[in-house]
Every structure is written in structure tokens, then in C-alpha cells.
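Take a walk through this fold, helix by helix. Start with the model below.

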Amino acid sequence: MSVIEQGSPRKKTKSVYISTVISIALVLLMTGLLGLILVHAKNLSKYVKENIVLNVIVNDNVNEGDVLSLQKDFEKDPYVLRTEYVSKELAAKNLKEDLGEDFVEYLGHNPLLPSVDIYMKEQYANTDSIQPFIEKISKSSRVKEVVYQESLIDMVNKNIRIIGIVVLAFTVILLIIAIALINNTIRLAIYSQRFLIKSMQLIGATKNFIRKPYILYGIIHGLIGALISILLLIFTLQFAQKQIPELIFLRNWYEFGAIFLIVVILGILISGLSTYFAVTKYLRAKSHSLYR
């Protein structure tokens, strides 16, 4: 009978610890998923901005050597990420593929002009930076005109700004909810140990002596929960990339590693602090209040 009575509380304590770890893991999983969404949104924003193209149309009387020299001048500019030279022949080939018919054969000549496609760095892919840049390069006698979609650039920057604000606000809200959920879960787990805590205190154990093992367990539970959530996050990433192969262009394992590290730190920090405050509450409580 005594064995059964001793085993029952142990099973109950073990089940409480398991449920605590699972709860922490699920909350950290949601936090990590939002972190990954933030990273993907940031990388998508960078990818879109760095693929906005300025078509610098070159005069027809400029030879290829001068066009290549002009291209090198563009690449030296701090605003420019990369450039691509598009010859008359390549421009005709691209347009032929887009139209689905050979317009050169129909017209009898190639009316297209050579050009240099300029891709701006992320921080300069906006109208305020592009306009002065266009004015500067348009002064060259070799440049006929510069073509770009101003409305598209404005729309991209506006939408990215709005999405960034919404995601940031949602992140703050979810982080507060995560802290509250983990804190409540641990408080419930410590609640089941309140009589043991008070008994240890009554027989002369110091507060630090009582708190130490609980805080250690809390940190371990937070770490285990964080590791479980990271494994689930990696699985989610692999699954998402199989379903949407284009996501591979937004993959950045250094940033993902930072997210995983933050998840571990959050798990340990929140769990440890919540355990400390929960145990301290019962150390300060009167014996009669434990029955409430």
C-alpha cells in the first residue's frame, strides 16, 4: 500500500513535468514560426527590391566597347548592386521568346537598341534614390534614355512597409502571450509542489536551498522544450521548401540559426524566471493560504 502511495505522487509529478515541457515546446514553436516568417519576409523584401531593374537604353551609334566601358562605370557606383549588358541580338531573342514569333524576319531589320540593365542595392531601391541616380547617368552622351516602372517601385515599398508594421505588431503581441502562457504553465506545475516547498521551509531549509533545484529543473525544462520546438521548426522548414521550392532563394541558415538561438534563450530565461517567482510566492505564503 505504501509503495502505491509513494508511486502515485511521483507519477503525478512526472506527468506535470512532461505536460510543462510540451506546453513550453508548443509556445516556443509558435514564437519560432513567427520568427521564421519575419526572416522570410525580410529576405523576400530584399529579393524583390534587388530585382527591380533600370533599363539604360544606349544610342545606336555607340560601339560595343564603349557600352561595356559604360557598364563598368555603372558598376563602380555605390548605388548599384549588379549590371547586365543586353546586346541588340540578345534583346531581339528575348522579345522573340516573349512574342512567340520572329519579328526581325517580319520587319527585315532589328529595331532594338543595346542596353544595360541596372539592379540597385536594397537600400537604394526607392524613388528618392533612383531619381537622382537617373539624372546623373542620363548626362552621358552614350545614354539615350532610362526606362523603369516608377509606380511598381512605389507600390512595392509601400506594401513592404505596411506588411513590416503588421508583422512586427503581431510579433510583440505573440511574444507577450508566449511569456504569459509559459509563466502560467510553470505556476500550475509549482502549485502542485506547494506543500513540499512549505514543509522544507518549516524544517529549516533556506530559501535559496529550496529554490535552487526548482530553478534548475525549470531551466532544463525550458531547454528541452526549446530543443523540441527547434526540431519541429526544422521539419516545418524542410516541408515548406518541398511544397514551395522557390523558398530556397530566401533561405539563410545564419538567420535561421539566430532564430533558433533566440528560441533557446527565451525558453531558458522565461522558464527559469517564472520558476523563481512561482517558488518565491509559496515561500512567502502563510501555511493556511496553501489550502486555498
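The paragraphs below cover the cores and two helix contacts.

This is a predicted model, in which local features need pLDDT of at least 70, side-chain atom pairs count only at pLDDT 80 or more, and totals for chains, interfaces and linings use all residues. Residues are numbered from 1 along each chain as its sequence is written, and side-chain values use heavy atoms, without hydrogens and water.

Begin with the largest nonpolar core, which has 29 residues. Such a core is a set of buried Ala, Val, Leu, Ile, Met, Phe, Trp, Tyr and Cys residues joined through side-chain atoms within 4.5 Å; buried means under 20% relative accessible area with a 1.4 Å probe, protein chains only. Leu28, Ile182 and Ile190 are among those with the most contacts inside it. Helices α1, α6, α7, α8 and α9 each supply at least two residues. Helices here are DSSP runs (H or I, at least four residues), numbered from the N terminus. The largest share, eleven residues, comes from α9. Another core, of 21 residues, lies apart and includes Val67 and Ile130.

Now look at α6 and α9. Their axes, lines fitted to C-alpha atoms over the stretch in contact, come within 9 Å and cross at roughly 45°. The two helices are therefore oblique to each other (neither under 35 degrees, nor 65 to 115, nor over 145). Ile182 and Ile190 are among the α6 residues that meet α9, where Val279 is one of the partners. Contact means heavy atoms within 4.5 Å.

Finally, α5 (residues 127–137) packs against α6 (residues 150–191) at about 150°, with axes 10 Å apart. That makes α5 roughly antiparallel to α6. Thr127, Ile130 and Gln131 in α5 meet Glu150, Ile153 and Asp154 in α6.

Notes. Axes fitted to C-alpha atoms, helices over the stretch in contact; angles between N-to-C directions. Buried < 20%, exposed > 50% of the residue type's maximum accessible area, 1.4 Å probe, protein only.
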